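Dear colleague,

I am handing over the structure below, together with some notes on the side-chain contacts that turned up in it. Please read the notes with the structure open beside you.

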Amino acid sequence: MATTGSGTGDAAKDILKRGLILENPALRQMLGLCPMLAVSTAVVNGLGMGLATTFVLVCSEVVVSLLRKCIPPTVRIPAYITIVASFVTIVMMLTKAYVPALDEALGIYLPLIVVNCIVLGRAELYASKHKPSRAALDGLGMGLGFTLVLTLMSAIRELLGAGTLLGFPVLPSFIEPMIVMVMPAGGFAVLGFLIAASVWFEKRLKKGEPSPSRPSQSLCAACPLDCGIYDPTHEDCAHEETSERLESALNKACKTLEERDQ
């Protein structure tokens, strides 16, 4: 029983890790960039948009997963949009009732969650093929990953563009705010910086993983191709050796063609 629990915990950890880092919807899949660039001028706006998207993601994925065997394939997209729109309406009503200032700041981008590629994409690619518990974890991971990036991007733009965080002055008065940071150009610049940082961080994570072992000589003994590998698509095959041999063969062919031309 302990092994089963550990396996379930590892699976949940992997799902959350995928949404937060490896397949982050904003930094790795480049989804939902329109609201990111539009509302990320203040931390409150970014955090509110991220939490609203997370709520819709989790709820819609759970419902899609529960109804995945009942929805006919021919009408699945309209059905998904109807489910997502229902939860977006709930979020809009709650925001308008309890946080009217945030509702006014987000404007049209709050109802546009209905057609957000992140929400519809996860409903089609994941929730429609997995059970509700995994769908909920996937929605939570993707939503938190989106919220984290949106909040971080909003903090950088608000700090450098207005000199404040959460509306409170942070930078000293003698430092002039960079107005470009609250403009679209500043949004693209911060987004590019965060994408580069995520790629660097992912490479650092992969450095700690064990390298694949080389195949034994017996695997290549019966191979008709003298390439030194058993299966070119196998993760344990010597890709570097194959690349070196191909490069050497191409160089040799180029030299032969040059000699013929001369």
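A residue is called exposed here when its relative accessible area is over 50%, buried when that area is under 20%, and partly exposed in between. Please also keep in mind that this is a predicted model.

With those cut-offs, K96 counts as exposed because its relative accessible area is 52%, whereas its salt-bridge partner D103 is buried, with a relative accessible area of 15%. The closest N and O atoms of K96 and D103 are 3.1 Å apart.

This contact belongs to a count of 3 salt bridges. Another of them is formed by R76 and E124, where the closest N and O atoms are again separated by 3.1 Å. That pair connects distant parts of the chain, since R76 lies in helix α4 and E124 in helix α6, which covers residues 117-125, and the two are 48 residues apart. R76 itself is partly exposed, with a relative accessible area of 32%.

Helix α6 also takes part in a salt bridge between D138 and R122, whose closest N and O atoms are 2.8 Å apart. Because D138 sits in helix α7 (residues 132-162) and R122 in helix α6, this pair ties together parts that are 16 residues apart in sequence. Are these two residues buried or exposed? D138 is buried, with a relative accessible area of 1%, and R122 counts as buried as well, at 8% relative accessibility.

Turning to the aromatic rings, a search of the whole structure finds 1 aromatic pair. F55 and F87 form this pair, which is edge-to-face, with 6.4 Å from centre to centre and 80 degrees between the planes. The pair links distant parts of the chain: F55 belongs to helix α3 (residues 43-66) and F87 to helix α4 (residues 76-98), and 32 residues separate them. As for accessibility, F55 is partly exposed, with a relative accessible area of 34%, while F87 is buried, with a relative accessible area of 17%.

If you would like a place to start, helix α4 may be a convenient one, as it holds F87 of the aromatic pair and also R76 of the salt bridge with E124. From there you could move on to helix α6, where R122 is paired with D138 of helix α7.

With best regards

Definitions and conventions: Residues numbered from 1 in each chain as written. Predicted model: local features only at pLDDT ≥ 70, side-chain atom pairs only at ≥ 80, totals over all residues. Heavy atoms only, no water. Phe/Tyr/Trp six-rings, centres within 6.5 Å; stacked < 30°, edge-to-face > 60°. Helix = DSSP H or I, 4+ residues; strand = E, 2+ residues; numbered from the N terminus. Buried < 20%, exposed > 50% of the residue type's maximum accessible area, 1.4 Å probe, protein only. Salt bridge = Lys/Arg side-chain N within 4 Å of Asp/Glu carboxyl O.
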